[in-house]
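The following exercises concern the surroundings of bound ligands and one local packing site. Each task is followed by a solution in steps.

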Amino acid sequence: MEQLDPDKLPRHVAIIMDGNGRWAKRRALTRLVGHQKGTESVRDIVRTSRELGIKWLTLYAFSEENWKRPSYEVKALMGLLNRYLKSELKEMMDNGIRLACIGQTEKLPPEVQRTLWQTIEKTEHNTEMTLTLALSYGGRQEIVQAVKKMLEDIEKGTLHVKRITEERLSEYLYTADTPDPDLLIRTSGEYRISNFLLWQVAYTEIFITPTLWPDFRKERYLEALLDYQKRERRFGSTGEQTIHPE
Ligand code: IPE
Ligand code: IPE
Ligand code: MG
């Protein structure tokens, strides 16, 4: 396999972890087994990201729309999340991984919220990598809450309409302190964003693979990163300008 260029790694990778259900169905197993297998991929991808020196990793673990799923599946996913957080604390501490979350986390079951905030607190001084879990997350909902907060600040007089810029608006999003993703990976072959980081992916490179999430391990991930390194990111400029910046 070709070698990755350590100087051209994405600073921030965001992943839509999709296909657990189909993975299980193909094996005549329950969807829950697929989700369990999926957490092994999470472990592998977090570890690999850290080894490579990727600074920001954001994982779409549960969307705002996923609350529509049957309650037993939601319950099982919440249980898995709770267990994952507890079992990974040591690895996060040993490897300097800081945990963060985005989304309407106040909707999560109290026990999960407790574990989540405890883990965030315990890992807050780790500086090697930030692992952000998107939980009860929706990009549109994120923008709506940002607009509400901005209007409140305008009413209070701490924000002025004329001062609203792209940067200012970004500060009102859950991702305020996070750079925009350089690479967005979606597993399971669906060509859609499913309400993930709508504002933030404006110029993100997108990689879609048919591999189902439980099968997406280190090797597949390295392939995605290699593919990313071959892209020419233009941000609206011409190809010539990108190759020979002024
Ligand atoms: C991703 O796998 C996990 C979550 C969305 C929580 P799915 O459960 O969506 O799996 P498919 O898409 O049904 O195969
Ligand atoms: C997106 O997957 C959400 C997560 C991976 C958490 P879904 O399976 O919920 O997306 P759709 O419904 O296929 O768009
Ligand atoms: Mg899905």
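**Exercise 1. The shell around ligand 1**

Which helices each supply at least two residues of the shell around ligand 1? Determine also the make-up of this shell by class.

*Solution.* The model is a predicted one.

Step 1. List the shell. Ligand 1 is surrounded by Met17, Asp18, Gly19, Asn20, Gly21, Arg22, Arg31, His35, Ala61, Asn66, Arg69 and Leu77.

Step 2. Assign the residues to helices. Helix H1 (20–26) and helix H2 (31–52) are each the source of at least two shell residues. The largest share, 3 residues, belongs to H1.

Step 3. Sort by class. The shell comprises 3 nonpolar, 5 polar and 4 charged residues.

**Exercise 2. Polar contacts and burial of ligand 1**

Identify polar atoms of the protein that lie within 3.5 Å of an oxygen atom of ligand 1, and state how much of the ligand the protein buries.

*Solution.*

Step 1. Begin with the backbone. A polar backbone atom of Gly21 is 2.9 Å from an oxygen atom of ligand 1.

Step 2. Proceed to the side chains. For Arg22, an N or O atom of the side chain is 2.7 Å from an oxygen atom of ligand 1. For Arg69, the distance from a side-chain N or O atom to an oxygen atom of the ligand is 2.7 Å.

Step 3. Evaluate the burial. On its own, ligand 1 exposes 380 Å², of which the protein buries 87%. The space that ligand 1 takes is the largest pocket.

**Exercise 3. The site of ligand 2**

Which strand gives the most residues to the shell around ligand 2, and which side chains place an N or O atom within 3.5 Å of one of its oxygen atoms?

*Solution.*

Step 1. List the shell. Around ligand 2 are Ile16, Met17, Asp18, Tyr60, Ala61, Phe62, Ser63, Asn66, Arg69, Arg186, Arg192 and Ser194. These divide into 5 nonpolar, 3 polar and 4 charged residues.

Step 2. Locate the main contributor. Strand S2 (residues 56–63) gives the most, with 4 residues.

Step 3. Examine the side chains. An N or O atom in the side chain of Ser194 lies 2.6 Å from an oxygen atom of ligand 2. For a polar side-chain atom of Asn66, the corresponding distance is 2.9 Å. For the side chain of Asp18, the distance is 3.2 Å.

Step 4. Evaluate the cover. Ligand 2 alone has 390 Å² of accessible area, and the protein covers 78% of this. The space taken by ligand 2 is the largest pocket.

**Exercise 4. The packing of Leu169**

With which residues is Leu169 in contact, leaving aside its neighbours within four places in sequence?

*Solution.*

Step 1. Place the residue. Leu169 belongs to helix H6 (residues 166–170).

Step 2. Identify its contacts. Beyond those sequence neighbours, Leu169 touches Met150 and Trp199.

Step 3. Relate sequence to space. Leu169 and Val147 are separated by 22 residues in sequence, and their C-alpha atoms are 8.3 Å apart.

How values were computed: Residues numbered from 1 in each chain as written. Chains lettered and ligands numbered in written order. Predicted model: local features only at pLDDT ≥ 70, side-chain atom pairs only at ≥ 80, totals over all residues. Heavy atoms only, no water. Near = heavy atom within 4 Å. Polar contact = N/O pair within 3.5 Å; in protein donor to acceptor, adjacent residues only side chain to side chain. Areas by Shrake-Rupley, 256 points an atom, 1.4 Å probe, with all protein chains shown as cover. 1 Å grid on protein atoms, 1.4 Å probe; cavity = no way out; pocket = protein on both sides within 12 Å on 5 of 7 lines; lining within 4 Å. Sits in = over half its atoms within 2 Å of the grid points. Nonpolar A, V, L, I, M, F, W, Y, C, P; charged D, E, K, R; others polar. Contact = heavy atoms within 4.5 Å.
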